[in-house]
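Visitor: Could you walk me through this model, one question at a time?

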Amino acid sequence: MNRTRSTTAIILAAGSSSRMGVGRHKLLLPLDDRPVLAHVIDATLASQARPILIVLGHHADWVRTQIATYAEHPDITLIENPDYLQGMSTSMRSGLQTIISHGYRKFKAWQVVDSALILLGDQPLITPRIIDTLISTWQTTGKRIVAPLYDGKRGNPILFANSLFPELLEVSGDEGGRSIVERHQQDLETVELGEAMASYDVDTWEAYQQVVEAWQRKKMQET
């Protein structure tokens with residue numbers, strides 16, 4: 001059987017929203033008619049990244065109810081990270097371990113995962129074009145790390161080849177793969193994407209307001 005190589009998307013959606021304020025879950029704040037997290041999932045579904053793993057943690061049951069329709073999608077798996085309070089690295093590890101435990105094949109026997117794209121669940125202005133550009137850059141350059149530049153500043157999501165998974169599994173604390181990127185600068189390919197607002201996240205209430213304003217500007221430009 002010919003096996004297709006694929007890039008898995010690991011959406012980190014386990015954070016405690018500690019900077020957002022009491023009673024607010026940043027991933028479930030409304031943006032237009034959907035939660036913030038739903039926008040990230042929709043962009044990923046519209047891209048070529050497969051399979052898609054969504055790592056939950058803080059108020060996992062609440063989040064599950066808000067994204068219940070996505071759980072039925074054949075390319076999506078929800079994972080619960082019981083150690084999410086120990087930082088972002090534990091959620092990344094949960095996603096990678098799921099892929100590795102299935103022999104780099106998940107959901108479809110003909111799909112072999114050769115890389116992982118680490119996405120943030122609170123970056124709702126991310127687009128399918130950005131995701132696909134990172135994947136196509138990996139496919140054409142063979143560089144083991146591919147990261148976007150937004151107006152010259154490096155951001156997320158970041159793609160890692162599966163040869164770096166063992167090192168990513170050793171990362172600890174509240175970081176994704178930043179230390180791995182710094183360690184392997186010679187393996188890094190960056191792509192200027194220019195869409196600065198795509199890098200906006202909703203870590204704080206003020207940042208959320210900024211995202212809402214950017215979304216409204218975008219809609220006005222499209223009409």
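The questions and answers below go from the whole chain to single residues.

Visitor: Before we start, what kind of model is this?

Guide: Happy to say: local features need pLDDT of at least 70 and side-chain atom pairs count only at pLDDT 80 or more, while totals for chains, interfaces and linings use all residues, as this is a predicted model. Residues are numbered from 1 along each chain as its sequence is written, and side-chain values use heavy atoms, with hydrogens and water left out.

Visitor: How many helices and strands does the chain have, and what is its radius of gyration?

Guide: Helices (H or I, at least four residues) and strands (E, at least two) are DSSP runs, numbered from the N terminus. By that count there are 8 helices and 10 strands. The globule rule (2.2 Å times the number of residues to the power 0.38, with the radius taken over C-alpha atoms) gives 17 Å for 223 residues, and the chain comes close to it, so it is as compact as a globular protein of that length, with a radius of gyration of 17 Å.

Visitor: What share of the contacts with a separation of 6 or more joins residues 24 or more positions apart?

Guide: A contact here means heavy atoms within 4.5 Å. Among contacts in the chain with a separation of 6 or more, residues 24 or more positions apart account for 74%.

Visitor: What percentage of the chain's residues is buried?

Guide: Buried stands for under 20% relative accessible area, exposed for over 50%, and partly exposed for what lies in between (1.4 Å probe, protein chains only). Of the 223 residues in the chain, the buried ones make up 53%.

Visitor: Which strand pairs with β4, and is that partner largely enclosed or open?

Guide: Two strands pair if DSSP finds at least two bridges between them. Strand β4 (residues 52-56) forms 5 bridges in the parallel sense with β5, and one of the partnerships is I52 with I76. Because 4 of the 5 residues in 76-80 are buried, the partner is largely enclosed by the rest of the structure: it is strand β5.

Visitor: Is L31 buried or exposed, and which residues does it contact?

Guide: L31 sits in strand β2 (residues 30-31). Its relative accessibility is 1%, so L31 counts as buried. Beyond its neighbours within four places in sequence, L31 is in contact with H39, P124, L125, V211, V212 and W215.

Visitor: Let us follow H39, then. Where does it lie, and what does it touch?

Guide: H39 belongs to helix α1. With a relative accessible area of 5%, H39 is buried. Not counting residues up to four places away in sequence, H39 touches L31, R34, P124 and W215.

Visitor: Where are the cis peptide bonds at P51 and P157?

Guide: The R50 to P51 bond is cis, with omega about -10°, and P51 is in the loop between α1 (36-45) and β4. P157 is in the loop between β8 (153-154) and β9 (158-161). There, the cis bond runs from N156 to P157, with omega near 0°.

Visitor: What is phi at H59 and at D151, and how exposed are these residues?

Guide: H59, in the loop between β4 and α2 (60-66), has a positive phi near 50°. D151, in the loop between β7 (145-150) and β8, also has a positive phi near 50°. As for relative accessible area, H59 is partly exposed at 44%, and D151 is exposed at 57%.
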